[in-house]
Amino acid sequence: VLKLSDASMSLLKKRFSEEVASLRAANLYRHREGIDDATLNFASNDYLSLTKEPAVQQIYQRAFARFPCGSGASSLGFAYHANHRALECAFAEALGVDDALLFSSGYAANLSVAHLLKRFQLQALIDKAVHASIYDGLQGNAVPLTRYLHNDLEDLQLKTQSLARDKATILITEAVFSMSGQCAPLAQIHVHTAQHVEGMVVDEAHAFGILGREGLGAVMQQGLSMQAVPLRVIPLGKACAAAGAVVAGDGLWIDALLQCARPYIYSTAISPAMAYGLLEILNLLREADARRAKLQALVEYFRQAVAQSPLTWRDSRSPIQQLQLATAERALDYAQYLRQQGIVVLATRQPTVSKKETGLRVVLNYHHEPDDIDFLFQCLAVR
Ligand SMILES: Cc1ncc(COP(=O)(O)O)c(C=O)c1O
């Protein structure tokens, strides 16, 4: 049996502590923190403020009273509950697509999409700013990868021409980008690439619940067919106020995905009680037009404040707003100062964002009021 000697163990510990110390010195150290209810929270993706909604809490009370709290195994290991199927069917029906597959997280769903690309020897064409889970999946599976500049149709056209001709291409983008809040011009992307790509995979994490008829997302809002977008990824931890993810789309694609999605095959299925809760929450979310209207009004109010602000804000029409502060030190300083004023925002730093985008990510939720936005800008103005 090979055993690490005490000397090599302490050498390893020394390396760990040096790495942590160098991250601290560069203002890139990460730590966890919770917040209390008195804090003004601009860091949550609970866009429609459903996580604490009494109606939602009652739904879960009923769900957990009736159904198992845990599934006990993976879906392919006999833990595929009727509630899982019902939720998949409800999403497929709402979106007008063939089928859907329920994952334990958006991260697992995006990794699985990469497994599909690997299995079928496809190449990926991606927006440079897509989420880490998409990068991790593609790079971890050594899927050939071409990146185009964020939302840049000209660069996209150039890059489509440089694609290897011996492999079919899948284009992957987010619908609303998690860090910049900018919306992808999905319909234009489709028009520009239809000749060159086999299909688009769209991550609707920050669009589902907010955009489109009944909040059913950007693919629907931009009128794209299932043929154009054979798979869309819908993480359920944002507007859906839960956890997990649904991948919805073309039946054959979903079936192929099921065959090779290692994060699905080798992972415990989500709780049947939670799946039941989500089934009811999907209906509630579809009926939440009044919440979406208020959220959109808050976005407009925020944009007016941005127009008066001397700071550098990214142009965003979504609830995600990005303040660019250039250095991690300034980002942490602003976040800490706001925290002292009772406001929570996320300082975004490398490697999550580029150096240029280093700053604050401010997220609007339904429960915010214009006064909250005024207070945030007042605090920013005196920093
Ligand atoms: C665009 C995007 N995709 C996927 C994920 C991952 O989803 P989950 O948190 O359910 O793992 C996130 C979450 O941060 C995200 O922002």
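The lining of the second largest cavity comprises six nonpolar residues, one polar residue and no charged residue. The structure is a predicted model. Asn110, Val113, Ala114, Ile134, Leu138, Ile172 and Val201 form this lining. Two elements each give two or more residues to it: helix 4 (106-119) and helix 5 (132-140). Helix 4 makes the largest contribution, with three residues. The enclosed space is about 40 Å³.

Two cavities in the structure reach 30 Å³ or more. The volume of the largest is about 100 Å³. Its lining consists of 13 residues. Ser75, Leu102, Tyr264, Ala269 and Ile270 are the lining residues nearest the centre of the largest cavity. Helix 3 (82-95), strand 2 (99-103) and helix 10 (262-265) are the elements that supply two or more lining residues. By class, the lining of the largest cavity holds seven nonpolar, five polar and one charged residue.

The ligand is surrounded by 14 residues. Gly106, Tyr107, Asp203, His206 and Lys238 are the closest of these. Helix 4 again features: it gives the most to the shell around the ligand, with three residues. The shell divides into three nonpolar, eight polar and three charged residues.

Oxygen atoms of the ligand lie at short listed distances from backbone and side-chain atoms, as follows. For Gly106, a backbone N or O atom is 2.7 Å from a ligand oxygen. For Tyr107, a polar backbone atom is 2.9 Å from an oxygen atom of the ligand. For His206, the atom concerned belongs to the side chain; this polar atom lies 2.7 Å from a ligand oxygen. On its own, the ligand has 390 Å² of accessible area, and the protein covers 79% of this area.Asp374 was examined separately. This residue is located in helix 14 (residues 370-382). Its relative accessible area is 28%, so Asp374 is classed as partly exposed. The side chain of Asp374 makes a polar contact with the side chain of Tyr301, at 2.8 Å. Ala305 is 69 residues from Asp374 along the chain, yet the C-alpha atoms of Asp374 and Ala305 are separated by 7.8 Å.

Terms used:
Residues are numbered from 1 along each chain as its sequence is written. This is a predicted model: local features need pLDDT of at least 70, side-chain atom pairs count only at pLDDT 80 or more; totals for chains, interfaces and linings use all residues. Side-chain values use heavy atoms; hydrogens and water are left out. Helices (H or I, at least four residues) and strands (E, at least two) are DSSP runs, numbered from the N terminus. Buried means under 20% relative accessible area, exposed over 50%, partly exposed in between (1.4 Å probe, protein chains only). A polar contact is a pair of N or O atoms within 3.5 Å; within protein, one must be able to donate a hydrogen and the other to accept it, and residues adjacent in sequence count only if both atoms are side-chain atoms. On a 1 Å grid over the protein atoms alone, a cavity is a set of points where a 1.4 Å probe fits but cannot get out, and a pocket is an open set with protein on both sides within 12 Å along at least five of seven lines; lining residues have an atom within 4 Å of a point. Grid points are joined across faces, edges and corners, and a volume is the space filled by probe spheres set on the points. Ala, Val, Leu, Ile, Met, Phe, Trp, Tyr, Cys and Pro count as nonpolar, Asp, Glu, Lys and Arg as charged, and the others, Gly among them, as polar. A residue is near a molecule or strand if one of its heavy atoms lies within 4 Å of it. Accessible areas come from the Shrake-Rupley method with a 1.4 Å probe; for residues, only the protein chains shown count as cover.
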